[in-house]
Amino acid sequence: MAMHKAARGLALGLSVPLAVLFLGSCTIVKNDVSGGSGNSAKSSTNADGSLDAKTFVAQNWSGKIVPDLEAHAAKVEDVVQALAKDAASAEKKYGRRGDETAPFNFVVVGSARIKSIDTESAAGTAELDVPDVSGDGEVRLQIGPVIKGSSLRDSLSFIKFGDFVNQLDYANISREINFYARDNVLADLRSGDAAGKVVSFVGAFTEDSEGSVLVTPVQVKVEK
Amino acid sequence: MLKKAFIVALSLALIVGSVFAADQKLIVIITPSHDNPFFKTEAVAADAAAKKLGYKTLVLSHDDDANKQDQEFDTAIASKAAAIILDNAGADATIAAVQKAKDAGIPSFLIDREINKTGVAVSQIVSNNYQGATLGGQRFVELMKESGKYVELVGKESDTNAGIRSKGYHEIIDQYSKLEMVERQSANWSQPEAYTKMESIIQAHPDIKGVICGNDTMAMGAIAALKAAGKGKVIVVGFDGSNDVRDSILAGDIKATVLQTCAYNAELAVAQADKFIKNGSTGKPEKQLTDCVLISPKNAKKLNNFVLSK
């Protein structure tokens, strides 16, 4: 008798925090015609059933997006050198991608002095002086306001095209991630006085045929 | 002893005989009209890949008519096709047809355009139109030096890819405040229609600096109208990666396009169909996104029939 009561009490006691844990992890994404499933879909779905990517990104930024990238970041100088030495093994060791036809993405962490800030184009960049990267190995950070590409979304382990109804929803995730970074992470770099200072960063870059490294940061700290 | 040998020989003969007598399996290939080289290339590539694997084939076009597509599905079902390779006539309208085929035991392998439901088709090998459009949009912005008046020619409204590409273009272009869109019209993927529309647009806006087009056939129409008006230097960017636009890029007219690897996608679909027919699964997730590639004067020479060689 006592055992049953205790068991029930235990079950109740566990179910509430477990429910909170489950609902709080917010994975969605199957927004099918029937209106989606679960609490996460409700909070990240528009009235017409389409994905509310902006809310999804804002809700998952600190709890899922940043940690996922931090956990997979390798030192930027290691990655750049490995790519220069043997691209195929570097891709295998450090690269991530969704589809076989897509280029590889690399999540990196680093700390370097900002050589210069270029805001002539709306797609601004900060050129970094990365230790141990020599020659043409120019490493730049995207600082916005225009952010190019989808390196951040494509580097996340929990975002897969198959989980979305169509390309538009999948594309909107990338757009909102970029916009979030632009507004909440990169504003300091555009302020004008970051040149010459040391910046610590976590971000991702997509392999390109010309070997240029353009990192989209997900986290940035400019030393005073 | 002799009797045993005879039985073995007879069994072998029967087995061999049944292999030879077995009906060749049929793969039905359905795409939009072959008037557009993009769809023709898909159909030809799928057809060749299927035949190479020993299938008989039936190649059909739905002309972007969902009803016609439906009838063609009925044909495939009546013919007891082993698989359907499809570039579909509508992301919502097609769901029922693919379900009907599935219920009849026929798996569908979609290419190029997706449908808005998973779990009905076996594979959806989709071109990443949005990613391609951001590539084209980004190149357009660079060529425009981030400022100036431009025109957008949009594809057929009923084709979801028209809207997807437009959105991709605008995700990039709208971030540049000095770029001004003075006109946005649909030319329905048509070269002659793009020509006529461009003629009128030039008269209303003689000072446009660029034209961004939802596809290559419209880009061809636009550049022809611009050249006829003495405005061949206007920046024109297309989408698809056709031989016509390749030649135009090499001649210095159209400035860039975005390649959709449709031949590769079609071959991939057939390979997955074959695997599914033989093993009951493709070994891949249903939705597969294949990236597009920017084509510019730098790599246009290596492009032929929607294949970019190394």
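In chain B of this predicted model, B:Val126 has B:Leu289 of β11(B) as its bridge partner. A second pairing into β11(B) links B:Gln124 with B:Lys287. Both belong to a stretch in which β5(B) and β11(B) run parallel, joined by 4 bridges. Toward β4(B), the pairing of β5(B) is likewise parallel, again over 4 bridges, and here B:Ile111 stands opposite B:Ile125 of β5(B).

These pairings are a good way into the sheet as a whole. Chain B holds an open sheet of 6 strands, arranged in the order β2-β1-β3-β4-β5-β11 with parallel pairing. The edges are taken by β2 (56-61) and β11 of chain B; each has a single partner strand, so one side of each is left without a neighbour in the sheet. On average, and with direction ignored, neighbouring strands are turned by 15° against each other.

How much of β5(B) is buried? The count is 5 of the 5 residues, so this strand is largely enclosed by the rest of the structure. The burial applies to both faces of β5(B): B:Ser123, B:Ile125 and B:Ser127 are buried on one side, and B:Gln124 and B:Val126 on the other. Helix α10 (residues 262-279) of chain B lies across β1 (26-31), β3 (83-86), β4, β5 and β11 of that chain, and runs at about 170° to β4(B).

The loop that leads from β4 (108-112) to β5 (123-127) of chain B makes a contrast with the strand. It contains B:Gly119, which has 9 other C-beta atoms within 10 Å and is therefore exposed, given that the exposed class ends at 12 such atoms. B:Gly119 and B:Lys287 are 168 residues apart along the chain, yet their C-alpha atoms are separated by 9.9 Å. B:Lys287 is the residue already met as the bridge partner of B:Gln124.

Attention now turns to the contact between the chains, to which chain B contributes 25 residues and chain A 19 residues. On the side of chain B that touches chain A, at least two residues each come from α5 (129-143), α6 (160-173) and β11 (287-290) of chain B. By class, the residues on this side of chain B comprise 7 nonpolar, 10 polar and 8 charged.

Within chain A, a pair of helices is worth a look. The axes of α4 (residues 76-85) and α5 (residues 87-94) of chain A come within 6 Å and cross at roughly 145°. Helix α4(A) contributes A:Val79, A:Ala82 and A:Leu83 to this contact, while α5(A) contributes A:Ala87, A:Ala90, A:Lys93 and A:Tyr94. The contact of the two helices has 6 nonpolar residues, 1 charged residue and no polar ones.

Which residues of α4(A) are buried? They are A:Val76, A:Val79, A:Val80 and A:Leu83. These residues lie on the same side of α4(A), because they cover an arc of only 95° around the axis. Their cover includes β1 (74-75), α5, β3 (105-118), β5 (139-145) and β7 (213-222) of chain A. A:Val79 and A:Leu83 thus appear twice in the account of α4(A), among the buried residues and in the contact with α5(A).

Note on methods:
Residues are numbered from 1 along each chain as its sequence is written. Chains are lettered from A and ligands numbered from 1 in the order in which they are written. This is a predicted model: local features need pLDDT of at least 70, side-chain atom pairs count only at pLDDT 80 or more; totals for chains, interfaces and linings use all residues. Axes are lines fitted to C-alpha atoms, for helices over the stretch in contact, and angles run from 0 to 180 degrees between N-to-C directions. Two residues are in contact if their C-beta atoms, placed from the backbone, lie within 7 Å. Ala, Val, Leu, Ile, Met, Phe, Trp, Tyr, Cys and Pro count as nonpolar, Asp, Glu, Lys and Arg as charged, and the others, Gly among them, as polar. A residue is buried if 20 or more other C-beta atoms lie within 10 Å of its own, exposed if 12 or fewer, and partly exposed in between; C-beta atoms are placed from the backbone. The arc is that of the directions from the helix axis to the C-beta atoms. Two strands pair if DSSP finds at least two bridges between them.
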